[in-house]
Amino acid sequence: MPKILIVDDDPCIRILLKQSLEELEDEGVELIITDNGESALDIIKREIPDVVFLDVMMPKMNGFDVCNAVKNDPAISNVFIVLLTVMSQKVDKLRGKAAGADIYITKPFNPDEVLDVTRKILGM
Amino acid sequence: MNNTEIKILVVDDDPFVRDMLTMILEGSGYTIVTAENGLEALKMCIADSDIDLIVSDVNMPVMDGIQLIKEIRNYGLDVPIIMVTGVSSISVAVDALSSGAIDYVLKDEGIEETIIITVKRALAKHQIELQNKQLIADLAAKTTEQEYTLSNLTAIISNMPNGLLVTNAQSSITLANPAIGRMFGVNEADLLGKDCQSGFAGKLAPLFEMICVQSDEPVAIQMELDGGRLGSAVAAVIRKKQKNSEIPDEFIGNLVIVRDVTLEKEIERMKDDFLSTVSHELRTPLTSVLGFTKVIRKKLEEVIFPQLPSDDAKTDRTVQQINENIGIIISEGERLTTLINDVLDLSKMEAGKVEWKQEPALIQEIMEQAIAATTSLFENKGVTIVKDIVVDLPCISCDRDRIVQVVINLLSNALKFTDKGSIAVMVRRSTGNDCPAENGHGFIVVSIVDPGIGIAGKDQENVFEKFKQVGDTLTDRPKGSGLGLPICKQIVEYHGGKIWVESELGKGSTFCFTLPHILTAGMSKYE
Ligand SMILES: Nc1ncnc2c1ncn2[C@@H]1O[C@H](COP(=O)(O)OP(=O)(O)OP(=O)(O)O)[C@@H](O)[C@H]1O
Ligand SMILES: [Mg+2]
């Protein structure tokens, strides 16, 4: 069964993402949740999730750095990364592109959209 | 000067000679005073500064004529003295002259005439001497003043916190102040005489390059300074005004001023950081508020509401209210999101922080895209859009998404303040009257005409200001925050266009903006 990793330092956003993806959880998808970049990278290496929802602004290791690390490691570079950004500025999007993110979702996001996007990515 | 105003002191121990000289000189109209010896004469001169000339004997008791000259000069008086000497004593006359007498007269047959001539000459000579002294003093004062000004200027230039580099017309460096030395970690004296044209390695290279451009428009660049600091340099041409205004100003060289902008950049960066932190801190809770509300709405609709009894009026009303209230929370949350985006957008634009794209675009396509984005809003309100776009419009060079943003803003305003009827969207070439072609550009004009509430004359200039909403905002406050038009203005003006409104209260408004397009040979005849 597919695995989804949720990474955000804000507890509310973690709950919101979990609830947004609840339907998939009912269908058997495994949700893994963490609150920082470093442990995210560990989990990605260990679990190799299908999709990662990755917040950008986090203390210690930010989303861009995690993304970079993932995309430069051949063992995990296939992991699909959705960057969650609060910045709508094009420059930041370019920065994310450079870091290798697969797509973006800007905050505030619509929970239904998150679900739709994930279904598409997972082909479910 | 009238002779009676000229006072002559006659000094002689011989009363006969005194009287004779007095008589002769009074005959020419001079005012005469007399003394019997040098000492008496000296006392008189000290007491009376009005004495213009002394005519003195040489050999006298108490103090002789030669001593008198010396004493007079010792006292710092510069009264001219004529010596009257005996025929036999020419050597005494020479003595007298070398001691400072202005002239001498021999006690001779023709003394009546010679004394008059000599007095006249002595007075004239003294006058000239005085004038010369004055001239020399003036000159000295001027020189001191100029030296003072010059040393002040030099001190100002040396103490200036900004770096200054000046070249002559042959682009060799004639002035470099200590600040420029400090900024670039060089000895400024080593720069003097260097030829900028021949290039320079190191951090100063960009300065040398820019100083050689010699454009009449000041050129500005940013550059790295010594110690990792940041400098901002401006170069300008130095032209000297000519006395004759017909002759064009003379080109005498170039100058560059360098300012250390490290701190300013740091503050700017802090402001940017602050803005993005604020935006992050605001959007994160908004994400929760909006997201959870949407989750709740979905759960209510999918799980809770279907289980409620469908025939109960009170339940129906409650469900309806809950739906409405949730709708309000969501739309207000979205409004707050737009506001945050707009504030950030505008402050970035105002700070020149926006990265603009420059790409050729067709205004027709931009209009279509903006119209498509607002179609559903128009349909919901039952207002129609009428397009009147001239075919064959020239290409414009712009940041396409930004122009789409302008049109969407104007369209949504037009719709917001219009209840029925249709809104016209027109694009044409400028006729030249409202915005004449300039700098090789022609303009296209986009107009959005609505039959809505209109804007009173006094309010029309205010609507482009931040947070300004006009009309009766107390009873009829429009939705939105009053940032739409200021953003439009920034975008249009960045592209070199203008934006304005023509409106009449109750009759509707026309918002227009222009954008420059490059003239091509075939097109220019239409302008
Ligand atoms: N087409 C129009 N007809 C009448 N009034 C207008 C029109 N367009 C703008 N205004 C007036 O100008 C004000 C400022 O407009 P602007 O677009 O800047 O802000 P807003 O529409 O109120 O808010 P925002 O665009 O930020 O959501 C409006 O509030 C309204 O009073
Ligand atoms: Mg508006």
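Glu22(A) is partly exposed in this predicted model, with a relative accessible area of 30%, and its side chain meets that of Lys299(B) in a salt bridge in which nitrogen and oxygen are 2.9 Å apart. Because Lys299(B) lies in helix α9 of chain B, whereas Glu22(A) belongs to helix α2 (residues 22-26) of chain A, the pair joins two chains. Lys299(B), for its part, is also partly exposed, its relative accessible area being 33%.

This pair belongs to a broader interface, in which 23 residues of chain B are in contact with 21 residues of chain A. Between them the two chains bury about 1900 Å², of which 60% is on carbon and sulfur atoms. On the side of chain B, the most area is lost to chain A by His280(B), Thr287(B) and Phe292(B), which together account for 28% of what that side buries. Three salt bridges are counted between chain B and chain A, together with two residue pairs in polar contact, both at pLDDT 80 or more. At least two residues of the side of chain B that touches chain A are supplied by each of α9 (262-304), α10 (313-350) and α12 (400-416) of chain B, and α9(B) gives the most, with 14 residues. By residue class, this side of chain B divides into four nonpolar, eight polar and eleven charged residues.

Over all chains, a search of the whole structure finds 34 salt bridges. In chain A, the side chains of Lys3(A) and Glu47(A) meet in one of them, at 3.0 Å from N to O; this pair links distant parts of the chain, since Lys3(A) is in strand β1 (residues 3-7) and Glu47(A) is in helix α3 (residues 37-47), 44 residues apart. Glu47(A) counts as partly exposed, at 24% relative accessibility. In chain B, a salt bridge is formed by Lys387(B) and Glu368(B), with an N to O distance of 3.2 Å, and here strand β12 (residues 384-389), which holds Lys387(B), is linked to helix α11 (residues 363-381), which holds Glu368(B), the two residues being 19 apart. Both partners count as partly exposed, Lys387(B) at 44% relative accessibility and Glu368(B) at 38%. In addition, salt bridges that share partners join Glu23(A), Glu27(A), Asp112(A), Arg119(A) and Lys298(B) into one network.

The largest nonpolar core contains 43 residues, among which Ile363(B), Ile366(B) and Phe513(B) touch the most other members, and α12(B) gives the most to this core, with eight residues. Apart from neighbours within four places in sequence, Ile363(B) is in contact with Leu393(B), Ile396(B), Val427(B), Ile444(B), Val446(B) and Leu515(B). A second, separate core has 23 residues, including Leu41(A), Val56(A), Val70(A) and Ile76(A).

Two further buried positions were examined individually. Ser20(A), in helix α1 (residues 11-20) of chain A, counts as buried at 6% relative accessibility, and, when residues up to four places away in sequence are not counted, Ser20(A) touches Pro111(A), Val114(A) and Leu115(A). Gly454(B), found in the loop between β15 (441-450) and α13 (457-460) of chain B, is likewise buried, with a relative accessible area of 10%. With the same sequence neighbours left out, Gly454(B) touches Ser503(B), Glu504(B), Leu505(B), Gly506(B), Gly508(B) and Ser509(B), while Gly454(B) and Glu502(B), 48 residues apart in sequence, are 9.0 Å apart in space from C-alpha to C-alpha.

Technical notes:
Residues numbered from 1 in each chain as written. Chains lettered and ligands numbered in written order. Predicted model: local features only at pLDDT ≥ 70, side-chain atom pairs only at ≥ 80, totals over all residues. Heavy atoms only, no water. Contact = heavy atoms within 4.5 Å. Buried area = accessible area lost by both parts, 1.4 Å probe. Salt bridge = Lys/Arg side-chain N within 4 Å of Asp/Glu carboxyl O. Polar contact = N/O pair within 3.5 Å; in protein donor to acceptor, adjacent residues only side chain to side chain. Helix = DSSP H or I, 4+ residues; strand = E, 2+ residues; numbered from the N terminus. Nonpolar A, V, L, I, M, F, W, Y, C, P; charged D, E, K, R; others polar. Buried < 20%, exposed > 50% of the residue type's maximum accessible area, 1.4 Å probe, protein only. Core = buried A, V, L, I, M, F, W, Y, C linked by side-chain atoms within 4.5 Å.
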